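Please open the model in your viewer and keep the selection panel at hand. The tour proceeds by selection, from one residue to the ligand.

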Amino acid sequence: MKQRKITLSENEIPEKWYNIVADMPNKPLPPLHPGTKEPIGPDALAPLFPMELIKQEVTPEKWVDIPDEVRHIYSMWRPTPLYRAYGLEKVLDTPAKIYYKYEGVSPSGSHKPNTAVPQAYYNKQEGIKRITTETGAGQWGSALAFACNHFDIECEVYMVRLSYDHKPYRKIMMNTWGAKVFPSPSNATEAGRKILAEDPNTTGSLGIAISEAIERAATNDDTKYALGSVLNHVKLHQTIIGQEAVLQMEKAGDMPDIVIAPFGGGSNFAGLAFPFLRMNLESGEHKIRCIASEPTSCPKLTRGVFRYDFGDTVGMTPLLPMYTLGHNFVPAPIHAGGLRYHGAGVIVSQLLRDKLIEAVAHDNVEVFEAGVTFARAEGIIPAPEATHGIATAIAEANKCKQEGVSRTILFNMCGHGNFDMKAYEDYFAGNIVRHELSTAEIEASLAKLDTPLIE
Ligand SMILES: *Cc1c(COP(=O)(O)O)cnc(C)c1O
């Protein structure tokens, strides 16, 4: 019988995370102080994050040990399976070999617990009693709720009011793991109360929710803040995915020519791709193409600019060197909520700038077509974010067919869509429409930026 799943045993869970910064030819530029625009050191992050995570954020070391306790919790769902997509290959009638790494087997249904667990662990080590965060669609909030519950840490999630009202089941998931979920803006913070006083009926925004979560952490000694994407330590933790996948591809007697992942802030892309990019960087040969896949309605990698910008909408974070559409950019309300971020993480931005990785964008309708094709061929219903990677994999497989060549394609199936039936309902009802930004819209957003340029 042909083998469909390539699995690893629990003792093959990697013992270290891989830090690609050690192998990058051009290291990321430093973050700048939002006021003085001078480079800032790691201590600027101390009010918000535990020391160990700040160290990981800036470490030049190539390998970082994964604590045994974290590996033990990982073993609840890791190693995750690698699938050969026989069903998808058949419907596409392609000579390509397609594989996918499936992260939807985690308790919250995506790759996000890979970083939520170590973040909760290091906070616990440093005596922190409460972690706050924001969530849009709820994937990150539920991963953090799950992780905090494990370490007996209180978890406070500020959930954008619109999602809070429209996605009640993600909220109940968080409650089940013991988290407190506030519709943002809330009465629990100064920032929230101020906005509510001006507009009691506001639907909220991620920017407001971030301000609330940060305020709680900055004003309480026993409270820290956590982020689910973008930052270096988050990408570091996610490399568990790609390290397992390297072992699994070796077991399958194969190696990918192309590695693909959807792109929001860059964590699941980094997670799968960096351990493969390592082979390129160590050998000095560009053997494996790594492609980040984003929505055409939020195309920071394919149509944004590389310059310093704020990580948040309000402009409170340090200035980071990144591909961005401008921190004021408000993308269309597409269902792939996890991909609606205006910028890209610093490491991934530098890699793209140096042409060590590639990026493509897909339209909203195309990704749902890809998602439904995948669900019918492989059984698993993908999260709306994950459908972007699938669309890129299908496009590459179709190219193989046209050219009459076989290539090996690996993509990240970073989450299931079982809580996203509203998105599929809208698609089947014909309510998902093509959406492409005009050049004028992008230029208008970028014109508002007065942050430092990069030569
Ligand atoms: C959060 C999320 C993303 C986007 O975030 P990245 O940091 O780019 O990975 C993509 N897919 C799923 C399923 C998510 O939950």
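Helices here are DSSP runs of H or I with at least four residues, numbered from the N terminus. The model is a predicted one.

**First stop: Leu272.** Select residues 267-283, which form helix α11, and locate Leu272 within that helix. Is Leu272 buried or exposed? Its relative accessibility is 0%, and because buried means under 20%, Leu272 counts as buried.

Next, display the residues in contact with Leu272, setting aside its neighbours within four places in sequence. The contacts include Lys101, Ile241, Gly242 and Ala245. Val259 and Ile260 are also among them, as are Leu410, Phe411 and Asn412. For a distance reference, add Leu449, which is 177 residues from Leu272 along the chain; the C-alpha atoms of the two are separated by 32 Å.

**Second stop: the ligand.** Select the ligand together with the 15 residues around it. Which of these residues come nearest? They are Lys112, Ser229, Gly264, Ser267 and Asn268. By class, the shell comprises 3 nonpolar, 10 polar and 2 charged residues.

**Third stop: polar contacts.** Zoom in on the oxygen atoms of the ligand and examine three residues in turn.

- Gly264: a backbone N or O atom lies 2.6 Å from a ligand oxygen atom.
- Ser267: a polar side-chain atom is placed 2.7 Å from an oxygen atom of the ligand.
- Asn268: an N or O atom of the side chain is 2.8 Å from a ligand oxygen atom.

Finally, display the surface: on its own the ligand has 380 Å² of accessible area, of which the protein covers 97%.

Technical notes:
Residues numbered from 1 in each chain as written. Predicted model: local features only at pLDDT ≥ 70, side-chain atom pairs only at ≥ 80, totals over all residues. Heavy atoms only, no water. Helix = DSSP H or I, 4+ residues; strand = E, 2+ residues; numbered from the N terminus. Buried < 20%, exposed > 50% of the residue type's maximum accessible area, 1.4 Å probe, protein only. Contact = heavy atoms within 4.5 Å. Near = heavy atom within 4 Å. Polar contact = N/O pair within 3.5 Å; in protein donor to acceptor, adjacent residues only side chain to side chain. Areas by Shrake-Rupley, 256 points an atom, 1.4 Å probe, with all protein chains shown as cover. Nonpolar A, V, L, I, M, F, W, Y, C, P; charged D, E, K, R; others polar.
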